Amino acid sequence: MKKASRFAALLAAVMLFGSVAAMPALAEGVTPTPVPTATAEPTVTPAPTDNGQSAPNNSGSAYIIAQTVTDAAGGEITTIDRDSRFNLILRVADYGAYNNFIPADQISARINSSVFTFTGNAEVGQLYEETDANGAGYYSYVLLFRDVIYNGGGNSVPINLSYLNSTMAMQQLSVTLGQCVDEDPDTPNLMIRASSYGNEAVVAGTPFTLTLTLYATGGQENLNDVVISLTLPDGITMTSGSLSSYLGTMPPSPPVMSASA
């Protein structure tokens, strides 16, 4: 029994030693928990420093933000009749001129319409740097069109806005003048009342005289510098005289004036 007990104790000791000896091998077989590594921050390239004037910016537009019509003395007027003269004053917000550093003396504005007579360029003044609600900068300035003549035929004023010594494209603005009274004068029209070539029939190769009787329809104005011109069809030629006749001034309504060709 003692031998058996010793053997059992020896076996237990061997088993315990084997367990302890196996522990390091078990620890080496366990996968270690990964330790998170710090992510490298992206490299930021610094913005270039602007040491001078920025490159031209062709974006941006111009808008009319206010308009006034005055007489020669500067008093505001409410009615513009045909053939009357007036001053047109516009205030413009111009983003393009601001973005491209355009000075006032390089801004050119012209009226492009036969309805209004104005020669030359508008006067540019009161130029200020402004900032809108979105923080964008623009120029605010006044365009003065002095002594404009209203010819009738509409009330829209198209304006060509251009920039001298610049690559910026021309812009087109437009303003409507509700003060214009566009009533056509009662001008007579020229009409052919009768025509005659002297005979009932014209024989080929035989000269004849063509007579036209003209008159001006009812109106209140004379017709000035009236010229009558004929265009002959193929096969008919002029043997003498001219295809045009100057009649001068014709009053409205009769008397009747005649012209021969």
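In the predicted model, buried residues account for 25% of the 261 residues in the protein. The accessible surface comes to about 17900 Å², and carbon and sulfur atoms contribute 54% of that area. The secondary structure consists of two helices and 13 strands. Of the contacts with a separation of 6 or more, 65% are made between residues 24 or more positions apart.

Three of the strands form an open sheet in the order β3-β7-β8, with antiparallel pairing. Strands β3 (107–111) and β8 (171–176) stand at the edges of this sheet and have a single partner strand each, so that one side of each remains without a neighbour in the sheet. From one strand to the next, the twist averages 25°. Strands of a sheet pair through backbone hydrogen bonds, in either a parallel or an antiparallel arrangement. Here, the antiparallel pairing of β3 with strand β7 (residues 156–163) extends over five bridges, whereas that of β7 with β8 extends over six bridges. Within the pairing of β3 and β7, I111 has I159 as its bridge partner in β7, and A109 has L161 as its bridge partner in that strand. On the other pairing, the bridge partner of N160 in β8 is Q172.

The two edge strands can be described further by the burial of their residues. Strand β3 is mostly covered, with four of its five residues buried. Along β8, by contrast, the side chains alternate: Q171, L173 and V175 point to one face and are buried, while Q172, S174 and T176 point to the other face and are not buried. Residue N160, which is found in strand β7, has a relative accessibility of 18% and therefore counts as buried, the limit for this class being under 20%. Apart from neighbours within four places in sequence, N160 is in contact with S108, A109, R110 and N112, and also with M170, Q171 and Q172. Among these contacts, Q172 is the bridge partner of N160 in β8, and A109 is itself bridged to L161 of β7.

Outside this sheet, strand β2 (residues 85–94) contains N87, a buried residue with a relative accessible area of 7%. The side chain of N87 reaches the backbone oxygen of D71 at 3.2 Å. When neighbours within four places in sequence are left aside, the residues in contact with N87 are T68, V69, T70, D71 and A72, together with L144, F145, R146 and D147. Both R146 and D147 from this list also take part in salt bridges through their side chains, R146 with E123 and D147 with R85.

The structure holds two salt bridges. Side chains of opposite charge can pair when their charged atoms come close. In one of the two, the side chains of D147 and R85 meet with an N to O distance of 3.0 Å. This pair links distant parts of the chain, since D147 belongs to strand β6 (residues 137–150) and R85 to strand β2, at a separation of 62 residues. With a relative accessibility of 39%, D147 counts as partly exposed. In the other salt bridge, the side chains of E123 and R146 meet, with an N to O distance of 3.0 Å. Because E123 lies in strand β5 (residues 123–131) and R146 in strand β6, this pair ties together parts of the chain that are 23 residues apart in sequence. E123 is partly exposed at 40% relative accessibility, and R146 is likewise partly exposed, with a relative accessible area of 44%. Strand β6 thus contributes D147 to the pair with R85 of β2 and R146 to the pair with E123 of β5.

A further residue, F208, is found in the loop between β9 (190–196) and β10 (211–216). F208 counts as partly exposed, at 35% relative accessibility. The C-alpha atom of F208 is separated by 9.8 Å from that of M238, a residue 30 positions away along the chain.

Note on methods
Residues are numbered from 1 along each chain as its sequence is written. This is a predicted model: local features need pLDDT of at least 70, side-chain atom pairs count only at pLDDT 80 or more; totals for chains, interfaces and linings use all residues. Side-chain values use heavy atoms; hydrogens and water are left out. Buried means under 20% relative accessible area, exposed over 50%, partly exposed in between (1.4 Å probe, protein chains only). A polar contact is a pair of N or O atoms within 3.5 Å; within protein, one must be able to donate a hydrogen and the other to accept it, and residues adjacent in sequence count only if both atoms are side-chain atoms. Contact means heavy atoms within 4.5 Å. Two strands pair if DSSP finds at least two bridges between them. Axes are lines fitted to C-alpha atoms, for helices over the stretch in contact, and angles run from 0 to 180 degrees between N-to-C directions. Accessible areas come from the Shrake-Rupley method with a 1.4 Å probe; for residues, only the protein chains shown count as cover. A salt bridge is a side-chain nitrogen of Lys or Arg within 4 Å of a carboxyl oxygen of Asp or Glu.
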